[in-house]
Amino acid sequence: MPGKVILVTGGSGLIGKAIESLILSDSPQSEEWVFLSSNDCNLCDLEATRRTFNTYKPTHVIHLAAMVGGLFHNLAHNLDFLRKNLHINDNVLQICYELGVEKVVSCLSTCIFPDKTSYPIDETMVHSGPPHSSNFGYSYAKRFIDIANHAYHEQHGCNFTSIIPCNVFGPNDNFNLESSHVIPGLIRKLYDVIESDGREFTVMGSGKPLRQFIYSHDLARLIIWVVRHYEEIEPIMLTVDEKAELTIQEVSEHIAKAFNFKGEIVFDTTKADGQYKKTASNAKLRGYLPDFEFTPFDVAIQQTVDWFKANHKTARL
Ligand code: NDP
């Protein structure tokens, strides 16, 4: 008889699938895991959320479900990102409170931090100024989670916390050119170039912005640690070390190498760059897990490219 029922919202997404693959290979008998997609329940609907959570009666919830997208998708849909994510987050936390869920781990992001800030950013700075105008809808809906976590804790003693990943990539990502994040977007683009015998790989923007990227499998290992062992209400950054920051140009070169592409990489400087950098500190995480080893970036990119080549017919395009 499992002692814990751990329900994962957004279980069909990039991060949810990475957690599922780890759990399938190594999960103690005392834990039962449930992975939900939007087909199981539309979390924008309070009654549907209540019904679904009542069916599984989770003791723990990893709340990943969200409307998620890259820079250009956010720019065009700030209202949708705000409203959908506010609804989802409010419904999930309220139902978890009603059902007496012992612990909820929800997901923020490094891209919700103040636009004008000092670097590196850390967990204490989430609310210290307005977010970048490109994704203010998504950002405020995510910041609401941290405010709600504190309010549920103060008023009802709930153990609701949050994690702050940097950019995530890996198998099962969204490879749609309109709505994807930068790495899956570039992988898809180069795949299409190679398929059509093209010689030019065009990357939007100058290639100069800096980003930290975490492999979905590494993030999954860290999220499982958080749900089992992290006991603070305050968020924790789940990001690679600062020295692992890369320019978009370096990322493009790694992707080209993984495809063995010998053509030219061109940067379209007429397209927006977004924030120049968002360097995040993982000092708090390192305080807990000083020896955690992240997968080397080139290995993780190669595995992601190989996955996409093998699964492009069924991948999210
Ligand atoms: P994906 O886009 O890959 O997956 C989103 C998940 O949310 C899917 O399982 C989707 O279900 C589900 N979902 C969306 N809308 C609803 C809804 N109305 N009701 C129920 N489920 C819904 O996202 P990721 O795995 O990339 O992201 C997971 C979390 O991590 C998100 O909260 C995101 O904000 C956060 N994050 C992601 C980063 C990244 O780089 N990817 C970086 C930092 C944070 P379905 O498959 O059925 O559509």
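A residue is taken as buried if 20 or more other C-beta atoms, placed from the backbone, lie within 10 Å of its own C-beta atom. By this criterion, 44% of the 317 residues of the protein chain are buried. The structure is a predicted model, in which local features require pLDDT of at least 70 and side-chain atom pairs pLDDT 80 or more, whereas totals for chains, interfaces and linings use all residues. Residues are numbered from 1 along each chain as its sequence is written.

The protein chain contains 10 helices and 12 strands (DSSP runs, H or I of at least four residues and E of at least two, numbered from the N terminus). Its C-alpha atoms occupy a box of roughly 60 × 40 × 40 Å along the principal axes.

Two domains are distinguished, domain 1 (4-168 + 212-241) and domain 2 (173-210 + 243-278 + 297-311), with bounds from an automatic or database domain assignment. Their C-alpha centres are 26 Å apart. The contact between them (C-beta atoms, placed from the backbone, within 7 Å) involves 19 residues from domain 1 and 19 residues from domain 2. On the domain 1 side, α3 (71-76) and β9 (213-215) are the elements that supply two or more residues.

The ligand is surrounded by 27 residues (C-beta atom, placed from the backbone, within 6 Å), of which Gly10, Gly13, Ser38, Ala66 and Ser109 come nearest. Two or more residues of this shell are given by each of α1 (14-25) and β6 (167-169), and the largest share, three residues, belongs to α1.

Note on methods: A residue is buried if 20 or more other C-beta atoms lie within 10 Å of its own, exposed if 12 or fewer, and partly exposed in between; C-beta atoms are placed from the backbone. Two residues are in contact if their C-beta atoms, placed from the backbone, lie within 7 Å.
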